[in-house]
Structure formats: C-alpha cells, structure tokens
Amino acid sequence: MILTSLITMGFVMNVHGQKDQATGDNESVQNVIITLFDGMREADSAKVSSAFRKDVTMYTSFTSKEGDLMLEKGKLASFLKAVGTPHDQIWDERIWNTKILIDGGIAQVWTDYAFYIGEQFSHCGVDAFHLVKEPSGQWKIVHLMDTRRKNDCKINE
C-alpha cells in the first residue's frame, strides 16, 4: 500500500511538473509574439529582431488584383529596416483568438490580426508562427506566414 501511494504520488507530481513547464512555455512563446508587436509599435527594430532566429523564413499569402492567389517571400533584413525607418504613424498589429500549441522544442501560434497605421485600418488576416526553443531556453520565431486582405475582416474590437 505504501509502494502504491509513493508511485501514485510520483505520477501526480510528474504530471503537475509537466503542466507547470507547459504553462511556462506557453507564456514564454506568447511573450515572444508580444515582443514582436510591441517592437513594431515602438519602431524598435532591435526589439523586433530579438523575437526571430536569423535564419527565419517569411511568407505572405494574398489575392492579387486579378484574383490570383499569390505567395510572396519576405526577408527579415527588409522587415527590420522598414520597422526601424522613422515613420509618422504607429504600426499597430492587434491580435486576438490566439492559439498556441507546443510539443518539446517546437511551438505553433495561430492568431487573427488587424493591422493599423496610426488609427487607420490597413488590412487583416492570420499570422501563423513556428517557433523553436533554443539551447539557452529562449523561444525564437523560425517561420512566419501571414495572410493579408482588406475585405471580409471580422475584427475583434
């Protein structure tokens, strides 16, 4: 009976420990995404850069004026330059309906967004992030794909 109690207690403590780790990783992954968007609002390219691995891949999916589905590859350096170049209006990407999935050292984040330049709506879509946990324990974005559209936006106000 004592052995059964010890085994059960060990199992419960292990499950509780895994849950605590998962909660910590969830918060850490969420903080990377928050850092990215805070950096964009602050026009702080160094802050934005800290969210990404240097070998990140970036893609945008959109529909052309002719109605064709397009896929455009982006570059981190170009994105960082755009963020850090002085601009009069704040770049404000507002997110909601965020889902985070984690297994081991990989994470996936899927979130709806609306992008504003100052108070002016620009476009909406979905951001899909893949992150990896570095040996240091920090999470970094290794892949970002987003959709962009100006119509059919169900914005969470």
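What is the mean pLDDT of the protein chain, and what share of its residues reach 70 or more? The mean is 89, and 85% of residues reach 70 or more, where pLDDT is the predictor's confidence in each residue, from 0 to 100. The model is predicted: local features need pLDDT of at least 70, side-chain atom pairs count only at pLDDT 80 or more, and totals for chains, interfaces and linings use all residues. Residues are numbered from 1 along each chain as its sequence is written, and side-chain values use heavy atoms, with hydrogens and water left out.

Two segments fall under 50 in pLDDT: residues 3-9 and residues 11-20. Residues 3-9 have zero contacts (heavy atoms within 4.5 Å) beyond four places in sequence. Zero such contacts are found for residues 11-20. Where pLDDT is low, the predicted coordinates should not be read in detail.

Pockets were sought on a 1 Å grid over the protein atoms alone, as open sets of points where a 1.4 Å probe fits, with protein on both sides within 12 Å along at least five of seven lines; lining residues have an atom within 4 Å of a point. Volume is the space filled by probe spheres set on the points, which are joined across faces, edges and corners. The largest pocket holds about 500 Å³. Its lining comprises 23 residues, with Met58, Thr60, Phe79, Asp146 and Arg148 nearest the centre.

The second largest pocket holds about 210 Å³. Phe62, Thr63, Ser122, His123, Arg148, Arg149, Lys150 and Asn151 line the second largest pocket.
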